[in-house]
Amino acid sequence: MKHIKALFAFFLLYTIILNNATEIFAEDVNLSQEAETSASQADPLDMSEEEYSPDDIIPAYLDEKGDPIIVAKSAVVIDADSGIIVWGKDENAVHYPASVTKVLTSLIACEETEPTDLVTFSHEAVYGIGEGSSSIAVREGETLNMDQCLHAILMASANDVCVGVSEMIDGTQEAFVERMNQRAKELGVLNSHFDNSHGYHSENHYTTAYDMAVILKEAVKNEKFMASFNCLTYEIPETNIVDEVRYINHKAKILWEDSPYYYQYIKGAKTGFTDQAGNTLISYAEKDGIKLICCVLADRGVNTYTDTILLFDYCFGRYSEQTLVEPGELQLSLPVCQNYNGNVIDLGTVTASVAEGYSALMPSVVNKESVTISYDVPDSIVGGVNEGEVLGAAIVSYGGNQLAALNITADETVEAIPEEVLIKEEKTKKLIQICMWSAVGLAIFLAIIIAINRIVNSKMYKHKHKYKKQRKKYRKARKANRRDKT
C-alpha cells in the first residue's frame, strides 16, 4: 500500500512539473511570435515619447566622407522628372505625416474640381476637426470657391477647409479618404494609409518619406496646385457669412526671403506637425534645370529647414552630364513581311538602331552600366521599310523609372513587292497550276484508257483462246467419226 501511495505521489508531481514546463515553453514561443509580428508590422515612430526642447537646434552638416548628417529620422530627395532617388535615409520607414497629408488632398481637389467650384461648409467640417487643429475659422453654412480653399489648405494648413473640400467632392470625408488611398495606389505608393484628409493624428494614418515624395512629384505637374503651393500671401474676401477679409500667410519659413531659413531655389513647400509625428516638411526646388523634391519626416522644429537646405545643396551637387546611349547603338534585326490576298510574303529582315543618342544631366547614381533598356517594337514590320523610318522605341530606365524613349529607326530600305508584280506572279502561278492540273487530268485520262484497253484485250484473248480449244476439239471429234465409218 505504501508503494502504491508513493507511486501515485510521484506521478502527481511529474504531471504538475510537466504541465508547468509546457506552459513556460509555450509562453516563450508566443513571446517569440509576438516579437516577429511586432517587427514585421513596424509601427510608426511616436515622436511624443522622445524628450525634446524647441531651443535645441542641431545644424545639419556633412561628415568627413562628405555625406549628409541630419536630425530627421527619415528623409529622401528624388528627381522630380524621373523619380530617381538621389539620396535617402530610411526613406521607406513608416511615420506619421501630420499636415503634409494635405498635398494629396490638394492634388485630388485640383484633379476633380475647377477653381470656381463652390464649397459650403457643414457642421462636421467646422466642429469635427479635432482639438487644436489649424484652421481659418470657417463658419457653418459659409461658402468659399475652390481656389480660396486650396490656398487655405496649402498655406494656412486649414483642417476645416480639408473636410469641407472632401465633403464637396465625395459627400463625406470617409468616402474621400477611400479616394485618397486609391489615388495613392495609382501613383505607386505602397507603404502608406490615410485615415483623414488633413493629417490630424490617427494610428491608422501613416506614410513614408518616399511615398510622400512620389505624391508631390505628381502634384507639382499641376498648375492649380503650384499656384497655392508656392504662394506667400493671399486674401480671402468677405463671404456670405463673414464680413471681413481673411489674410493668409504661408507657414513655411523656407519660402520667405526675410527668414534665416530661406532657400533661394525653393519653389514650394508644405509643413506639418503633431506631437506624435514631430515636425514634417515636403518641398520642391529647382536649380540649373534640375528639379528636386525633398521630404523629411519625424524631424524637430526648425531642423526641418536646416535638414532640407543641406539635402538640396548636397543633391544639386551630385548631378553631371551622362551619355547613356550612343548614336547607332542598340541594333536590332526585325522581320519584314507583306500581306497580299490573305497570304503573308516574307521580305527578309531589316536592321534598326537608335539614330540619336541620349545624354542628360543625371544624379551620380546613374551611369551607362546601371540603366536598363527595353524595346517597344512590333514583332514584324508589315509592308516594306524605308531607311530612317521610325519602327518603335528603346525605353531607357533606371530603378523602375523611365528616363527616355528613343526612336528606333531603320538602317536600310526593304522594299515591298509592287502590286502589279504580285498580280503578274499570281496569274503566272494560276496558269502553272492550270497546266499542272491539266497534265494530271490528261495523265489520269490516258491511264484510264490504257486500263480499259487492257481489260478489253484480256477478254478478247480469253474468248479467242476458248474458241480455238472448241474448234480443236470439234476437229478431233470429226476425225474420230470418219474412222468409225470406214
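1. Angles of 65 to 115 degrees between two axes count as roughly perpendicular, and this cut-off is needed for one pair of helices in this structure, which is a predicted model. Helix α5 (residues 159-170) and helix α6 (residues 173-186) pack at an angle of about 85°, while their axes lie 8 Å apart; α5 and α6 are therefore roughly perpendicular to each other.

2. On the α5 side, this contact is made by Val163, Ser166, Glu167, Ile169 and Asp170, and on the α6 side Gln173, Ala175, Phe176 and Arg179 take part. Sorted by class, the residues of the contact between α5 and α6 are four nonpolar, two polar and three charged.

3. Helix α4, which spans residues 146-156, is mostly covered, with ten of its eleven residues buried; among them are Met146, Cys149, Leu150, Ile153 and Leu154, but also Gln148 and His151. At the start of α4, Asn145 places a side-chain oxygen within 3.2 Å of the backbone nitrogen of Asp147, and just after the helix Ser157 has a positive phi of about 55°.

4. Five strands form an open sheet in the order β4-β3-β11-β10-β9, and their pairing is antiparallel. The edge strands, β4 (85-89) and β9 (266-274), each pair on one side only, and from one strand to the next the twist averages 5°.

5. Within this sheet, β3 (residues 74-79) pairs with β4 over four bridges in the antiparallel sense, and Val77 stands opposite Trp87 of β4. Helix α7 (residues 209-219) packs on the sheet, where it touches β3, β4, β10 (278-287) and β11 (290-299), and its direction makes about 35° with that of β3.

Terms used:
Residues numbered from 1 in each chain as written. Predicted model: local features only at pLDDT ≥ 70, side-chain atom pairs only at ≥ 80, totals over all residues. Heavy atoms only, no water. Buried < 20%, exposed > 50% of the residue type's maximum accessible area, 1.4 Å probe, protein only. Helix = DSSP H or I, 4+ residues; strand = E, 2+ residues; numbered from the N terminus. Polar contact = N/O pair within 3.5 Å; in protein donor to acceptor, adjacent residues only side chain to side chain. Axes fitted to C-alpha atoms, helices over the stretch in contact; angles between N-to-C directions. Parallel < 35°, antiparallel > 145°, perpendicular 65-115°, else oblique. Contact = heavy atoms within 4.5 Å. Nonpolar A, V, L, I, M, F, W, Y, C, P; charged D, E, K, R; others polar. Pairing = 2+ DSSP bridges.
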